[in-house]
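Work through these exercises with the model open beside you. Try each task before you read its solution.

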Amino acid sequence: MGAYVIRRLAYGVGVIVGVLFLLFLLFFTVTQPDDIARRALGEKVSVEVIEQWKVNHGYDRPLWPWQDWDDNLLFEHYRRMLTFDFGVSDADDSPIIDRIRAGVGPSLSLTVPLLVLGILGGIPLSLLVAFFRETYIDRTGVFLCVLAMSVSIILYIVGAQYLIGKVLRWYPISGFDADLLMLPRFLALPIIVGLLSGIGGDVRFYRTVFLEESTRDFIRTARAKGASEPRIMTHHVLRNALIPILTRVVLAIPFLFTGALLLEAFFGIPGLGSMTFDAIQANDFSTLRTMVFIGSLAFVLGQIATDLSYGLVDPRVRFE
Amino acid sequence: MRLAGRAGGDEVRGLPSANASLHVGIIAGLAFLLSPLLGCSNDPYPPAKEGEKVLYSSFIDAPRTLDPATAYTTRAHAITGAVYDTLLKYHFLKRPLELMPGLVVALPERTELGDGRVRYRFELREDLLYADDECFRLAGLDRTTREVVSQDVAFQLSRIADPEVGSPVIEPFSNILGFAEFGQRLTARREADPKFILRPVHEQYAAVGGIAGVVTPSIQVLEITLHRAYPQIKYWFAMEFTTPVPWEAVLVYDGKEGRPRFDDHPVGTGPYVLVEYDKQARYVLERSPNWYGVRHPEWKAPSAVFPSEGDEEDRRAGRLEYAGRSLPFIDRVEVRREKESIPRFNKFLQGYYDASGIIKESFDKVIQEDALSPEMVARGISLGKSVALDVFYIGFNLDDGVVGRGRGERSRKLRQAMSLAIDVEEYLRIFMNGRGVLAQSPIPPGIYGYRPEYKNPYTRVDLDRARTLMVEAGYPGGIDPTTGEALRLTFDSYDTSTAGMTQVRFYTSAWKQIGIDVRIEATNYNQFQEKLRNGAYQVFQFGWVADYPDPENFFFLLWSEMGKSKFGGPNGANFSNAAFDQLFESMKSRENGPRRMEEIREMTAILEHERPWIELFHREDYSLYHGWVRNVKPMGISAPTYQYRDIDPARRKADRLDWNKPIVWPAYALFAAGVLIVLPGIRTYLKERQ
């Protein structure tokens, strides 16, 4: 297993190096440092001002190592990203790492409960519709899932703010407070919206997995032995469907750190999603670059974690 | 039988298991669905301490800086005005606005020194303290505050003169003797001696000799000598630019080694202290126990007690009942970030913000026949209306090669044509529910020089004349002869919201009617400011809120020495006209009177012809206040008023409870619907099992 882990990590490092190179091509060659400066400062800005801005933001170096081995943007880009020295925002010069540190807590406070409640709500509901397959419960469930999937998250957000926040007055319309007593109150509405917008897809996916498992030979055997349907569903189908469920869940875990873009932006949660949203609006390339890198890193780590977790839930999986 | 028994055993073990799962599921479902009943609340605030008076407000984006030498926006002044007290203040109730002593004992004594020089003598009150802050201890004192001395005001004036600080108001202070020379000496010394800049900044200022016209004969007395008459200087001492600043705070808060930057950590003498500042989420101001009004109520200092002189409207509104009472009344100001306007307004209606503007989407619900709707009246909400001392305009960058002075008469006619295409009345109707007064010149009503009878011929719509002017400008039908295509211009906007973009498109669509293709470049406010500084723009929209109630404070926006690209001033149009400049310089040092009025008329005529701006409107502010908010009186300028406000927390609490009772039956209905859907299936299943 040790060799497998090392090999997977090595692949991961390779992917990260590749992603960083693609990021470099995208943000520095396809989008030249001059373009970044012009996007920040305006199209008709004088050359002197562009040069000064590039100096202030470290974009004044040559792009490639063969132009200057000791001082070039490519190496500097790798050095900064790999040492998590992300520099300052192109928009307001504030240190990006400080903003990430401040934003990760609010993001996690939203995304972790969203993931956990999504699993706790999605799996039992999927089991229920799979259990009553081919009945009106199954058909109603699938209909509601397709309906839930078809509605834009923006509509959920606006609708929930109006209906739950304003008309029913259950929770604050928007806002955030890190105080532990206040936090659940602010998170309730974005979590409800997140669950509603995501549960349709989750339930349909899990239902398909459960139905596929429930036609397997060992299920027929269990049924022939007289095991009850609820027991078959919870003990045999659910356990054997864990691999695809795990893939979906473990892959999602690293992205908890990058936040929920729209939910944070519309509900005023000062997390990393909101920060990315602001960066897109403000053409803040240095922040965007950092967030894309963190997203890639999260994806690679998620892949490795998923592979390793297979062995934990399925003894037949061997790491070779 | 055994097998069956085992199967049955399985079933015996399985059924309770299934039942348990079912029970857990039902309980979880119940808990989730009924969670609205389990102590839910839409109250976004933790309970306030008993008897504590908290004012609740909101902000959209945090200001770029809170340094009083550089902060020059209303959003920054909302904080700096509360944290930094000023030497002079405006009378809260008197209109037109009138200055009165703030941190000083009396209004400054003015002495003519000959050769046009004028001296102002300020005498600070004794025993003024800064708000408690660790910077004093870190700078070597054995306590967390110290007395305010006149040298602190001199230090702040030096900071304004220091080119590295980048104050936007160097120009008005350059009327102080030796002000510009101080900045030059400082720069020269820094360039000559690289080690010099490593010294603490207050030592650098002392080492180059200070500003010649700023003298501190004692720790209470400050004398300012002007090398030429500039009566408006007194207004600047009612603004935070000239507040006393402790050198310790500037020294300690340098942004290094985990310390905050002075930009984000104000240390002042005001009635409030910034105790929490999270740019992304909220800030909190708390009453400063060190403020002289709190420490010395027996002084009854004019700006530390509620004023006793007001008009009939003040009497009717009950403001004069507060006469003579010590300020401030509010203990804490809690300000939350609200980027979206609809949630912000809805929270106001729920009672969670004490005051609000009126959003367009709800305007018809709130205002009916130019008065509050019965629903709002029933809630005890009151409406405040006032024409703001501001002006909004579309500016042309006259340094630009196409719309600027380089093309002489051609570009002037182009600007005139663009002016005649904009229907401001329609703009106000569509986007502002008609809340605005058409601007004919930079001067708004309420400022000396405003002439209600004056109608600018270029602030009305005349598309035929505009098209003729386009032909005369060399762009027949809007076609640029050099490209053979529609003349292409760019419009820079700092509002990237959908609403903001729609408003800008109103202008670009208007210009399309005369054939001009104007592209929108939208960025955030800071980047927009950066573009203005760098001259990278052609057309832009901007607004100006008066710093002080004098026409000089509007016309200086078009004075060449305020040019944005050359001097970093607020003249974003980079307008430079010798006749205008001459009139302005004469007008600004003249007392109000017929000659001054005539100069204003002539300046207005120049602007009418040259069209550096398309004057749009002066805002008419409609503000809503809950019944528990007292002492709201708009000043029309960016001046701090938190200390005058009062609230009735008991009434607020009762109203909030009344307005925000959760409606819970839908939760039960939802749960019942779920049960009704699932129950028949379960019954069928159980029957089949039997």
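**Exercise 1. Chain B as a whole**

What percentage of the 690 residues of chain B count as buried? Then describe the chain's make-up and extent.

Solution. Keep in mind that this is a predicted model.
- Step 1: 43% of the 690 residues of chain B count as buried.
- Step 2: The secondary structure of chain B comprises 25 helices and 24 strands.
- Step 3: Along the principal axes, the C-alpha atoms of chain B fill a box of roughly 120 × 75 × 60 Å.
- Step 4: Take the contacts in chain B with a separation of 6 or more; 68% of them join residues 24 or more positions apart.

**Exercise 2. The nonpolar cores**

Find the residues with the most contacts inside the largest nonpolar core. Then list the partners of B:Ala417.

Solution.
- Step 1: The largest nonpolar core has 158 residues.
- Step 2: B:Tyr393, B:Ala417 and B:Ala421 have the most contacts inside that core.
- Step 3: Set aside neighbours within four places in sequence; B:Ala417 then contacts B:Ala466, B:Leu469, B:Met470, B:Ala473 and B:Ile514.
- Step 4: A second, separate core has 46 residues, including A:Ile137, A:Leu189, A:Leu238 and A:Ile245.

**Exercise 3. The length of H10(A)**

Check whether the span of helix H10 of chain A fits its residue count. Then name its buried residues.

Solution.
- Step 1: H10(A) runs over residues 229-240, which is twelve residues.
- Step 2: At 1.5 Å a residue, taken times one less than the number of residues, the helix should span 16 Å.
- Step 3: The end C-alpha atoms are 15 Å apart, so the two values agree.
- Step 4: Buried in H10(A) are A:Pro230, A:Arg231, A:Ile232, A:Met233, A:Thr234, A:Val237 and A:Leu238.

**Exercise 4. Two helices that pack**

Classify the packing of H5(A) against H13(A).

Solution.
- Step 1: Helix H5 (residues 96-131) and helix H13 (residues 272-281) of chain A pack at about 125°, with axes 7 Å apart.
- Step 2: That angle makes H5(A) oblique to H13(A).
- Step 3: From H5(A), A:Arg99, A:Ile100, A:Gly103, A:Val104 and A:Ser107 meet A:Leu272, A:Gly273 and A:Met275 of H13(A).
- Step 4: By class, this contact has four nonpolar, three polar and one charged residues.

**Exercise 5. The surroundings of H12(B)**

How many of the nine residues of H12(B) are buried, and what covers them?

Solution.
- Step 1: Helix H12 (residues 341-349) of chain B is mostly covered, with seven of its nine residues buried.
- Step 2: Charged B:Arg344 and B:Lys347 are among the buried residues.
- Step 3: The cover includes helix H7 (153-167) of chain A. From chain B, it includes strands S1 (54-59), S11 (355-356) and S22 (613-625).
- Step 4: Just after H12(B), B:Gly351 has a positive phi of about 90°.

Key: Residues numbered from 1 in each chain as written. Chains lettered and ligands numbered in written order. Predicted model: local features only at pLDDT ≥ 70, side-chain atom pairs only at ≥ 80, totals over all residues. Helix = DSSP H or I, 4+ residues; strand = E, 2+ residues; numbered from the N terminus. Buried ≥ 20, exposed ≤ 12 C-beta atoms within 10 Å, placed from the backbone. Axes fitted to C-alpha atoms, helices over the stretch in contact; angles between N-to-C directions. Parallel < 35°, antiparallel > 145°, perpendicular 65-115°, else oblique. Contact = placed C-beta atoms within 7 Å. Core = buried A, V, L, I, M, F, W, Y, C linked by C-beta atoms within 7 Å.
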